[in-house]
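Work through these exercises with the sequence and the model open side by side. Try each task before reading its solution.

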Amino acid sequence: DEIWLSLKLKQKAKNAKKLIRQINQTKCISYKTAPVYMFGFEVPRNHEQAVRIDRENGNRRWQESEELEVKQLKDYNTFIDKGHKSRNRPPEGYKKITLHFVYTVKHDGRHKSRIVAGGHLTDAPVESVYSGVVSLRGVRFTVFLAQLNDLKVFQTDVGNAYLEAKTKEKVYVIAGPEFQQLEGHILVIYKALYGLKRPPVNGRRSSMDYLSWPI
């Protein structure tokens, strides 16, 4: 009887684990396929979905946000165009990675698209890439000192801050349809694009170099 009971318990435990695994797999599938909404707007997961959502809504909000992001990257000289892949070869020693869009909706309804590099495909850096950020305690202390000494406090935000710095990673991408006339071109990543492993520290060093210039 004890052996039979033990076998039954083991079978039930095995079935329970299988059921939990199936539930988790269903959650993963649902997360990947279920529509995502922010502030009442459907948020795409890729360029194809962005085109579909715009077509269904009768506007070009997501596509315009993509075009704005691509234009900003061009303005910052983020890529070096090596020509179409059918007529040119990537530089020697450079590794091919991917790009993808990350989409969001701001609280005021603005549609935002950001191109992110597939940094997980790059080699792990041998040097430290840590880059500290300002702590809440540091901000409070600064405001306290300003108030104590009757000083004015100014705050600003640097747009596309990482793109002010160059990257040391030797990587390239093949431009997709979101790059329009550059689709199929070999683009060497020249600036510290979001998603790479080194942009935080590169951006910080670039800012420090700028702030240390003589006035």
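**Exercise 1. The second largest pocket**

Which strand gives the most to the lining of the second largest pocket, and with how many residues?

Solution.
- Step 1. Note what you are looking at: this is a predicted model.
- Step 2. List the lining. V36, V43, P44, R45, H100, F101, V102 and Y103 line the second largest pocket.
- Step 3. Match the lining to the strands. Strand β5 spans residues 99-105 and gives the most, with four residues.
- Step 4. Sort the lining by character. Six of its residues are nonpolar, one is polar and one is charged.
- Step 5. Add the volume. The second largest pocket holds about 160 Å³. As background, a probe the size of a water molecule, rolled over the atoms, shows where empty space is left.

**Exercise 2. The fold and its confidence**

Describe the order of helices and strands, then find where confidence is highest and lowest.

Solution.
- Step 1. Count the elements. The protein chain has five helices and eight strands.
- Step 2. Read them along the sequence. The pattern is α-β-β-α-α-β-β-β-β-α-β-β-α.
- Step 3. Check how far contacts reach. Take contacts in the protein chain between residues at least 6 apart in sequence: 68% of them join residues at least 24 apart.
- Step 4. Look at burial and surface. Of the 215 residues in the protein chain, 28% are buried. The accessible surface is about 15800 Å², and 56% of that surface belongs to carbon and sulfur atoms.
- Step 5. Weigh the confidence. The average pLDDT is 83, and 80% of the residues score at least 70. Helix α5 (residues 199-211) has the lowest mean, 62. Strand β8 (residues 185-189) has the highest, 96.

**Exercise 3. I186 and P90**

Is I186 buried or exposed? Trace its contacts, then turn to P90.

Solution.
- Step 1. Place I186. This residue sits in strand β8, the element with the highest confidence in the chain.
- Step 2. Judge its burial. I186 has a relative accessible area of 1%, so it is buried. The cut-off is under 20%.
- Step 3. List its contacts. Leaving out residues up to four places away in sequence, I186 touches I80, D81, K82, G83, K85, N88, R89, P90, Y172, V173 and I174.
- Step 4. Pick one partner from that list. K85 is 101 residues from I186 in sequence, yet their C-alpha atoms are 5.8 Å apart.
- Step 5. Turn to P90. This proline lies in the loop between β3 and β4 (95-96). Its relative accessibility is 33%, so P90 counts as partly exposed.
- Step 6. Close the loop. Neighbours within four places aside, P90 is in contact with Y172 and I186. The C-alpha atoms of P90 and L187 are 8.5 Å apart, with their positions 97 residues apart along the chain.

**Exercise 4. Q72 on helix α3**

Which residues does Q72 touch, not counting residues up to four places away in sequence?

Solution.
- Step 1. Locate Q72. It lies in helix α3 (residues 61-75).
- Step 2. Judge its exposure. Q72 counts as partly exposed because its relative accessibility is 23%.
- Step 3. Name the partners. Q72 touches K112 and N160.
- Step 4. Compare sequence with space. Q72 and L163 are 91 residues apart along the chain, and 9.7 Å separates their C-alpha atoms.

**Exercise 5. Positive phi**

Find two residues that have a positive phi although they are not glycines.

Solution.
- Step 1. Recall the background. Most residues other than glycine have a negative phi.
- Step 2. Take N77. Its phi is positive, about 55°. N77 is in the loop between α3 and β3 (79-84).
- Step 3. Take Q180. Its phi is positive too, about 55°. Q180 lies in the loop between β7 (171-174) and β8.
- Step 4. Check exposure. Q180 has 45% relative accessibility, so it counts as partly exposed.

Terms used. Residues numbered from 1 in each chain as written. Predicted model: local features only at pLDDT ≥ 70, side-chain atom pairs only at ≥ 80, totals over all residues. Heavy atoms only, no water. Helix = DSSP H or I, 4+ residues; strand = E, 2+ residues; numbered from the N terminus. Buried < 20%, exposed > 50% of the residue type's maximum accessible area, 1.4 Å probe, protein only. Contact = heavy atoms within 4.5 Å. Areas by Shrake-Rupley, 256 points an atom, 1.4 Å probe, with all protein chains shown as cover. 1 Å grid on protein atoms, 1.4 Å probe; cavity = no way out; pocket = protein on both sides within 12 Å on 5 of 7 lines; lining within 4 Å. Points joined across faces, edges and corners; volume = space filled by probe spheres on them. Nonpolar A, V, L, I, M, F, W, Y, C, P; charged D, E, K, R; others polar. pLDDT = per-residue confidence, 0-100.
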